[in-house]
Amino acid sequence: MSRTKIPSTFIEQVNLTVNTLESSFYGPAEKSCNKLVGLMMTVREEDTHNNLSVFISLLTSCTSQVQHMCEERRTHTIPYILDICEKSSAGHNCLNCADDCEKDHINQVGRIEADHYNIRDTFARVQKIAPPIYGDELLPPAYKQVRKELIKLNSFIFELFYLEESSLIPLILEAQRKINAIH
């Protein structure tokens with residue numbers, strides 16, 4: 001029986017969270033968005049009565065937001081938390097810092113929360129305007145596949161948000177506290 005190693009240090013905990021987010025969430029979320037984009041193209045071609053144009057436009061916006069969020073996490077958030085962990089290990093103290101590094105720390109958590117809010121809002125609007133899967137013979141055959149993939153992405157994204165809110169944000173706040181980044 002294999003056991004998951006429990007992180008013994010703060011840096012191990014950060015690395016475990018970062019690796020989990022990257023391998024189990026950001027990459028797969030982007031794959032799901034790409035699959036949805038392909039399906040939406042098929043639906044657009046099959047939608048001869050133009051019944052789904054608003055739905056497809058909003059869903060396109062939603063997938064773009066998710067893809068942008070994943071890219072932001074990879075290029076800004078993850079490097080940021082790894083950097084402040086490194087600073088913490090090196091004994092950096094922002095109170096004595098000659099650089100104006102505080103500006104880097106202030107909006108980190110706010111950006112994550114704003115992404116969550118905006119994506120949740122867009123998902124809710126997509127769900128409100130989505131026609132029912134069954135009962136309308138004018139809907140293209142690929143629409144059912146789009147809805148199934150949307151449900152998967154929705155569940156997946158909210159699991160990701162839970163992990164970011166319960167692990168990533170507290171780790172960022174703790175790392176900031178360790179280097180006196182926010183005062």
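Trainee: Which residues form one aromatic cluster with F123?

Mentor: This is a predicted model, in which local features need pLDDT of at least 70, side-chain atom pairs count only at pLDDT 80 or more, and totals for chains, interfaces and linings use all residues. Residues are numbered from 1 along each chain as its sequence is written, and side-chain values use heavy atoms, with hydrogens and water left out. Rings of Phe, Tyr and Trp (its six-membered ring) pair if their centres lie within 6.5 Å; planes under 30 degrees apart count as stacked, over 60 as edge-to-face and the rest as tilted. The partners of F123 in the cluster are F158 and F161.

Trainee: How many residues apart in sequence are the parts that the pair of F123 and F158 ties together?

Mentor: The search of the whole structure finds four aromatic pairs. One of them, F123 with F158, is tilted, at 6.0 Å centre to centre and 55° between the planes. Helices (H or I, at least four residues) are DSSP runs, numbered from the N terminus. F123 lies in helix α4 (residues 108-129) and F158 in helix α5 (residues 142-178), so the parts joined are apart in sequence by 35 residues.

Trainee: Is F123 buried or exposed?

Mentor: Buried means under 20% relative accessible area, exposed over 50%, partly exposed in between (1.4 Å probe, protein chains only). F158, with a relative accessible area of 29%, is partly exposed. F123 has 2% relative accessibility and therefore counts as buried.

Terms used. Helix = DSSP H or I, 4+ residues; strand = E, 2+ residues; numbered from the N terminus.
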